Amino acid sequence: MGFRMGIVGLPNVGKSTLFNALTRTAAAQAANFPFCTIEPNVGEVAVPDARLDRLAEIAKSKQVIPTRMTFVDIAGLVKGASKGEGLGNQFLANIREVDAIAHVLRCFEDGDVTHVEGRVDPVADAATIETELMLADLESIEKRLQNIVRKVRGGDKEAVQQERLLRAAQAVLEEGRPARVVAVDAEDTKAWRMLQLLTTKPVLYVCNVEEEAAGAGNGQSARVAGMAAAQGNSHVVISARIEEEISQLDPEEQEMFLSEMGLEEPGLDRLIRAGYELLHLQTYFTVGPKEARAWTIPAGTRAPQAAGVIHGDFEKGFIRAETIAYADFVALGGEQPAKDAGKMRAEGKAYEVKDGDVLHFLFNT
């Protein structure tokens, strides 16, 4: 299981350039005018993980299969999008389909690239987008409340729960705060997710800086960092132009280029890690002579559900999971040496899979 991250932002902030770089494709037209992305572009990228390569090396796996992450390039929103300005309604609908939002903010000066508001102010840009999403949520809530009035009067339990949650979201939105700040009880979690409110999506601010600031950031990205910290959100600093250049190079050239730029790794790696942390995701591995493979699961996933990510039958017929910690697998030189050293454990249905676990599932067919 990977996850879908929607790339949003005002026009001309570098969204499509970043998307092109991340997906190593020119499918999204990066042009200096609003709405160059008319339909959301979807691309998948392999999630880089040095642990997977190390496991494959030890097990002499013939094939290495990383887990994958989906990026959705959503066209630029403008002020008034919640009322249909620009191509607003279409794009707001696209946002509902993603798990998290990567909000690209322009943190660079460039007289050749126009800004839809005629100024460079990433904090104000973030507020513009957030406001449009909140207005769209308020409109959606009002319509839903009207539609469930009869069911609520009739005592329908689901409708009563839905009304209570909608009212809670409405209250914070009317205060100018996103719905994600609402404290939701465990028994309401599923119903809350079903509401699909735009402002419940976790947000990762992507500060698009000039090439010289790709390593340490600049004054504008520092302002975004402060804003993100105050909101409890995350941020990452990237130069979309550098990422685009890197995406055109082979691995050896990439390493040389990064070294010359004083960077330790591509921005993609930082972006994915930040996305994983944002959604509380983790990785486990299956390793053998045929293939070494990475699988993504939410933190706290129990063994049967982790097995179900591979195939539904694995979850239905789950017996146990044979588990080796990544560090033990590497330190001891593989599955058999780890087993001989007593480092392979048999875990049952209650086991919560840990990040980096090397797993083998036993199940009934």
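Guide: Helices (H or I, at least four residues) and strands (E, at least two) are DSSP runs, numbered from the N terminus. By that rule the protein chain has 15 helices and twelve strands. The model is predicted, with local features needing pLDDT of at least 70 and side-chain atom pairs pLDDT 80 or more, while totals for chains, interfaces and linings use all residues. Residues are numbered from 1 along each chain as its sequence is written, and side-chain values use heavy atoms, with hydrogens and water left out.

Visitor: What makes a space in this structure a cavity, as opposed to a pocket?

Guide: On a 1 Å grid over the protein atoms alone, a cavity is a set of points where a 1.4 Å probe fits but cannot get out. A pocket is an open set with protein on both sides within 12 Å along at least five of seven lines. Grid points are joined across faces, edges and corners, and the volume is the space filled by probe spheres set on the points. One cavity of 30 Å³ or more is present, and the largest cavity holds about 70 Å³.

Visitor: Which residues line the largest cavity, and which elements supply at least two of them each?

Guide: A lining residue has an atom within 4 Å of a grid point. For the largest cavity these are V8, I101, H103, A126, I129, E130, L133, R180, V203 and Y205. Strand 5 (100-106), helix 4 (122-147) and strand 6 (203-208) each supply at least two, and helix 4 gives the most, with four residues.

Visitor: How many residues of that lining are nonpolar, polar and charged?

Guide: Ala, Val, Leu, Ile, Met, Phe, Trp, Tyr, Cys and Pro count as nonpolar, Asp, Glu, Lys and Arg as charged, and the others, Gly among them, as polar. The cavity lining accordingly has seven nonpolar, one polar and two charged residues.

Visitor: What is known of the largest pocket and its lining?

Guide: The largest pocket holds about 890 Å³ of space. Of its 25 lining residues, D99, R193, T200, P202 and L279 are the closest to its centre. Helix 7 (189-194) and helix 11 give two or more residues each, and helix 7 has the largest share, three residues. By class, the pocket lining divides into twelve nonpolar, seven polar and six charged residues.

Visitor: Why is A216 called exposed?

Guide: Buried means under 20% relative accessible area, exposed over 50%, and partly exposed in between (1.4 Å probe, protein chains only). A216 has 78% relative accessibility, so it counts as exposed. A216 lies in the loop between strand 6 and helix 8 (219-231).

Visitor: Is T67 buried or exposed, and what makes it so?

Guide: T67 has 7% relative accessibility and is therefore buried. T67 lies in the loop between strand 3 (63-65) and strand 4 (68-73). The side chains of T67 and T296 are joined at 2.9 Å. That pair meets the rule for a polar contact: N or O atoms within 3.5 Å; within protein, one must be able to donate a hydrogen and the other to accept it, and residues adjacent in sequence count only if both atoms are side-chain atoms.

Visitor: Why is A325 called partly exposed?

Guide: A325 has a relative accessible area of 24%, so it falls in the range between buried and exposed. Its place is the loop between strand 10 (318-324) and helix 14 (326-332). Contact means heavy atoms within 4.5 Å; leaving aside residues up to four places away in sequence, A325 touches R345, G356 and D357.

Visitor: Why is helix 1 described as largely enclosed by the rest of the structure?

Guide: Nine of the nine residues of helix 1 (residues 15-23) are buried, so the helix is largely enclosed. Across the protein chain of 365 residues, buried residues make up 49%.

Visitor: What makes a set of residues a nonpolar core?

Guide: A nonpolar core is a set of buried Ala, Val, Leu, Ile, Met, Phe, Trp, Tyr and Cys residues joined through side-chain atoms within 4.5 Å. In the largest core, of 50 residues, M5, F71 and V206 touch the most other members. Helix 11 (residues 267-279) provides the largest share of this core, six residues. A second, separate core of 18 residues includes L138, I141, L145 and V182.

Visitor: What is notable about phi in K60?

Guide: Most residues other than glycine have a negative phi. K60 is not a glycine, yet its phi is positive, about 55°. At 67% relative accessibility, K60 counts as exposed.
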